[in-house]
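Trainee: Hi! Could you walk me through this protein at a gentle pace?
Mentor: Happy to, let's look together.

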Amino acid sequence: MTDSHAKHARPDIAAEGVLARLALRFTAFTEKWLPDAFGFVLVGTFVVLLFGLVTGEPLLKRPDDPAATKGFGLVDAWGIGFWSLITFTLQMAMIIIGGYAVATSGPVARLITRLARLPQTPRSAVAFVAAIAMPASYLNWAFSLIFAAILAREVARNVPKADYRALGAMAFLGLGTVWAQGLSGSAALQVASASSSPPPVQEVIKAGGHAGGLIPLSDTIFTWQALVATLIVYVVGVAMAWFVAPGEGNARTAEQIGIELKPLIGRGSVYNGQRQETRRPGDWLEHSPLFSLLIVLLGVTYLVRYFSGKSFFNALDLNTVNLILFLLALLLHWRPWRMARAVRDGAPAAAGVLLQFPLYGGIFGMIAYTGISARLAGWLVQASNQFLFPPLVAIYSCVLGIFVPSGGSKWVIEAPYVLQAANELRVDAGWMVVVYDLGEASANLLQPFWMLPTLAILGLKARDIMGYTFTMFLACFPAALIAVTLLAPHVTG
């Protein structure tokens with residue numbers, strides 16, 4: 001932050017409300033001291049490495065060396081884990097690009113333009129973006145990252161005095177609150193599908209009384225307790241967004257940050273340009289919707305056959321979600337050249353995933369392929385009872401989520417011992433999936449990995465918005481803890 005910007009941000013801070021002052025102070029700190037997102041994973045790698053060494057894991061371990069409590073030494077575990085998320089990395093890159101392509105299509109862009117005209121004041125603009133971003137993430141987290149970011153840009157263009165950093169933080173809020181409780185939540189979808197849930201997890205679930213080793217969505221995210229917990233977090237999130245928004249005297253606008261906000265549609269549009277002129281006979285293919293429609297027809301036929309005889313939500317996985325996004329984007333863009341441009345423009349939003357996921361895979365390896373995972377599980381069970389187990393799992397999931405920011409991959413680490421402990425303490429396994437989801441999502445407000453696509457579209461750095469996301473965490477995470485604790489007695493195992 002430049003001196004002129006710093007001077008602009010400070011004069012009237014005492015006139016702000018308590019929460020707005022807190023957010024501004026946190027933001028001033030993060031803008032000065034916080035590293036970029038890549039720095040987080042670099043530091044996180046060695047935090048986990050040092051934790052393993054301190055807790056007795058060997059740095060190097062030969063095959064015949066009994067020194068380690070499980071599996072490999074830390075170095076080998078890191079190397080084995082480095083590429084362990086390669087399939088997931090491509091799936092995540094495709095889901096981001098697919099979400100971008102859908103969000104920047106003409107019909108969706110027009111919807112965003114209309115929505116962006118609703119808020120009229122800087123404070124209502126910040127709360128409005130939060131109120132839209134969370135339901136969007138409930139429907140699909142990848143789509144929400146792009147949709148809410150573009151909405152935030154358009155809102156900033158219509159309410160130019162709104163704090164652009166706060167708008168950016170609220171665009172990301174769904175990923176730090178309710179996404180995992182929604183239709184694309186990794187853990188709930190995994191335990192509902194035999195093809196997605198690892199056999200050891202299915203065995204633990206079966207031992208807990210769920211026939212077939214699966215837990216349907218009706219016993220996880222669609223229970224009334226889960227819906228109430230989600231609603232509580234949503235209300236707290238919107239209320240906090242209203243109170244943390246700074247007044248005009250302390251706001252940093254997009255113009256002050258140096259970001260040009262082009263309109264979504266019409267003259268000067270950055271996303272939806274005019275139809276290109278055909279210059280040669282062969283160009284008709286790029287401009288004709290014929291083959292786009294044929295591909296959509298082919299894909300829809302496959303999906304109808306795929307879902308035939310299955311529960312729709314139980315049959316969803318990342319591959320089918322990606323296919324649905326691809327077909328929807330192809331249909332909404334209508335002409336092949338528009339689809340090709342949307343994918344080209346959306347590819348940079350996935351750059352952070354391609355760069356950082358292998359390193360997070362290494363962190364995953366050090367936790368999963370050594371004794372660290374089992375040691376953490378032992379501490380968790382020893383500190384728990386039936387009443388304390390849900391909030392403790394939520395806290396643990398949040399902490400682990402800072403180092404392994406992947407709901408699906410992290411669930412594979414946690415599920416065996418979390419569900420086994422739930423069986424021993426007679427806590428419903430389906431409810432523990434809900435608890436995991438709420439705790440795991442909250443970690444996203446504390447580390448910048450999943451912020452990367454949103455930040456790429458907004459033109460911001462993680463340090464610009466993490467003061468606000470941390471302030472939101474201080475309210476949303478306690479709300480989730482209280483909800484899972486008070487609602488647990490009403491869940492029948």
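Mentor: We'll go from the overall picture to helix pairs and then to single residues.

Trainee: What kind of model is this?
Mentor: This is a predicted model, where local features need pLDDT of at least 70, side-chain atom pairs count only at pLDDT 80 or more, and totals for chains, interfaces and linings use all residues. Residues are numbered from 1 along each chain as its sequence is written, and side-chain values use heavy atoms, with hydrogens and water left out.

Trainee: How many helices and strands does the protein have?
Mentor: There are 25 helices and zero strands. Helices (H or I, at least four residues) and strands (E, at least two) are DSSP runs, numbered from the N terminus.

Trainee: And how much of the protein is buried?
Mentor: Of its 493 residues, 57% count as buried. Buried means under 20% relative accessible area, exposed means over 50%, and partly exposed is in between (1.4 Å probe, protein chains only).

Trainee: What about contacts between residues at least 6 apart in sequence?
Mentor: Among those contacts, 81% join residues at least 24 apart. Contact means heavy atoms within 4.5 Å.

Trainee: Let's do helix pairs. How do α12 and α25 run, parallel or antiparallel?
Mentor: The axes of α12 (residues 224–244) and α25 (residues 462–487) come within 9 Å and cross at roughly 155°. The two helices are therefore roughly antiparallel to each other. Angles under 35 degrees count as roughly parallel, over 145 as roughly antiparallel, 65 to 115 as roughly perpendicular and the rest as oblique. The axes are lines fitted to C-alpha atoms, for helices over the stretch in contact, and angles run from 0 to 180 degrees between N-to-C directions.

Trainee: Which classes of residue make up the contact of α12 with α25?
Mentor: Residues of α12 including W224, V228 and I232 meet residues of α25, among them Y468, M472 and L487. By class, this contact has 17 nonpolar, three polar and no charged residues. Here Ala, Val, Leu, Ile, Met, Phe, Trp, Tyr, Cys and Pro count as nonpolar, Asp, Glu, Lys and Arg as charged, and the others, Gly among them, as polar.

Trainee: And at what angle do α7 and α9 cross?
Mentor: Helix α7 (residues 122–139) and helix α9 (residues 164–171) cross at roughly 15°, and their axes come within 8 Å. That makes α7 roughly parallel to α9. The residues of their contact divide into nine nonpolar, no polar and no charged.

Trainee: New topic! Where does G407 lie?
Mentor: G407 lies in helix α22 (residues 407–425). With a relative accessible area of 8%, G407 is buried. Leaving aside neighbours within four places in sequence, G407 is in contact with S186, Y436 and E440.

Trainee: Which sign does phi have at W334?
Mentor: W334 has a positive phi of about 70° although it is not a glycine. Most residues other than glycine have a negative phi. W334 sits in the loop between α17 (318–333) and α18 (336–346).

Trainee: What about R426, is that residue buried or exposed?
Mentor: R426 is exposed, with a relative accessible area of 75%. Phi of R426 is near 60°, a positive value in a residue other than glycine. R426 lies in the loop between α22 and α23 (429–442).

Trainee: Last one: how far apart are I265 and T104?
Mentor: They are 161 residues apart in sequence and 9.9 Å apart in space, C-alpha to C-alpha. I265 itself is in the loop between α13 (254–257) and α14 (284–287).
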